[in-house]
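Let's take a friendly walk through one protein model, looking at charged pairs, a small sheet and some cysteines. Keep the picture open beside you as you read.

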Amino acid sequence: MEKIIVHIRPLNWTQGEVYSMAFKITGEQPAVRINWGDGTIRTYYGQEIIANHVYPKDETLLFIIEAEILSGQIDYCDSTGADCSNELVDFSQAPSIKRVDCDMFEKVIFDNPALETLSLRLSLGANYDLSKLPNLKKLVFDGCDRKMKCLDLSNCHNLEYLQCWCYNTPELQLIVPNDAPIKYIDISGNNFSGGLLATLHRIIEQTGGEIVGEFENDEDDEE
């Protein structure tokens, strides 16, 4: 039985008590059971599900959410909250998932061989290991925190589209395999080293693709 686990702390802001999860599930009689971590357990039915839950506005409280797929296979998950501190989301127990959206998580755990499309927006952690996504084709990554250190795509040999926006992360290390068939790279906001830029350009030259978003002084950095 596939499962997604989330750790959150609701912030004391307007609407901060509401947390949402959205799913697309294939197969017969699709259903997901969500334990919201505060004693509430509910089952939701349908191929497309949007589940909402209300929490107290108290950032000292940690809630662990467990969403289990009771019937069918999970195709897509959007794990997102309102004004919550999103500490962790673990997709490693949902091996059939193909598409994921998640916002503002400090830690994300993946071990998903079927995942093809991933969006990680406003990510606030230091390291994001995506190396266990061998079939990832499209990544949209938005990391806006100075503590960001590493985005590991070392085993993503099928990556075709990479958008990596990191406006406040001057030390970000991006690890990309040389044989990735990337056709489009957007690195807006990044002041990458000359060596990394050279690697990205080699990949694009091999695929006949396009790279956008370089700083004007990148050529100086490569010298």
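## Charged pairs

Glu66 and Lys3 join their side chains in a salt bridge, with N and O 3.6 Å apart. This pair ties together distant parts of the chain: Glu66 belongs to strand 5 (residues 63–81) and Lys3 to strand 1 (residues 3–10), 63 residues apart. Keep in mind that what you are viewing is a predicted model. How exposed are the two partners? Glu66 is partly exposed, at 28% relative accessible area, while Lys3 is buried, at 18%.

Strand 5 also carries Glu68, whose partner Arg33 sits in strand 2 (residues 18–35), 35 residues apart from it in the chain. The side chains of Glu68 and Arg33 meet in a salt bridge with an N to O distance of 3.0 Å. Here Glu68 is buried, with 18% relative accessibility, and Arg33 is partly exposed, with 31%.

Further along, Asp75 makes a salt bridge to Arg99, and their closest N and O atoms are 3.2 Å apart. Asp75 is again in strand 5, and Arg99 lies in strand 7 (residues 99–103); the two are 24 residues apart and link distant parts of the chain. Asp75 is buried, at 19%, whereas Arg99 is partly exposed, at 29%.

The table puts these pairs side by side.

| Acidic partner | Basic partner | N to O distance |
|---|---|---|
| Glu66 | Lys3 | 3.6 Å |
| Glu68 | Arg33 | 3.0 Å |
| Asp75 | Arg99 | 3.2 Å |

How many salt bridges are there in the count? The count comes to four, and the table shows some of them, including the pair Glu68 and Arg33.

## A small sheet and a buried acid

Now look for three strands that form an open sheet, in the order 10-12-14, with parallel pairing. Its edges are strand 10 (127–129) and strand 14 (173–175), each of which pairs on one side only. On average, neighbouring strands in this sheet are turned by 5 degrees against each other, with direction ignored. Strand 12 (residues 150–152) runs parallel to strand 14, and three bridges join them.

One residue to pick out here is Asp152, which is found in strand 12. Across from Asp152, in strand 14, stands Ile175. Which residues does Asp152 touch, leaving aside its neighbours within four places in sequence? Its contacts are Tyr128, Asp129, Leu130, Ser131 and Ile175.

Asp152 is buried but has no salt bridge. The nearest side chain of opposite charge is that of Lys132, 10 Å away, and a salt bridge needs the nitrogen and oxygen to be within 4 Å.

## Cysteines without bonds

How many disulfides does the structure hold? The number is zero. Why is Cys102 not bonded to Cys77? The sulfur of Cys77 is the closest cysteine sulfur to that of Cys102, but they are 8.2 Å apart, so they are too far for a bond. For comparison, a disulfide asks for sulfur atoms within 2.5 Å.

Cys156 gives a similar story: its closest cysteine sulfur is in Cys150, 12 Å away, which is too far for a bond. Are these cysteines buried or exposed? Cys102 is buried, with a relative accessible area of 2%, and Cys156 is buried too, at 0% relative accessibility.

Technical notes
Residues numbered from 1 in each chain as written. Predicted model: local features only at pLDDT ≥ 70, side-chain atom pairs only at ≥ 80, totals over all residues. Heavy atoms only, no water. Pairing = 2+ DSSP bridges. Helix = DSSP H or I, 4+ residues; strand = E, 2+ residues; numbered from the N terminus. Axes fitted to C-alpha atoms, helices over the stretch in contact; angles between N-to-C directions. Buried < 20%, exposed > 50% of the residue type's maximum accessible area, 1.4 Å probe, protein only. Lys, Arg positive; Asp, Glu negative; His and termini not counted. Contact = heavy atoms within 4.5 Å.
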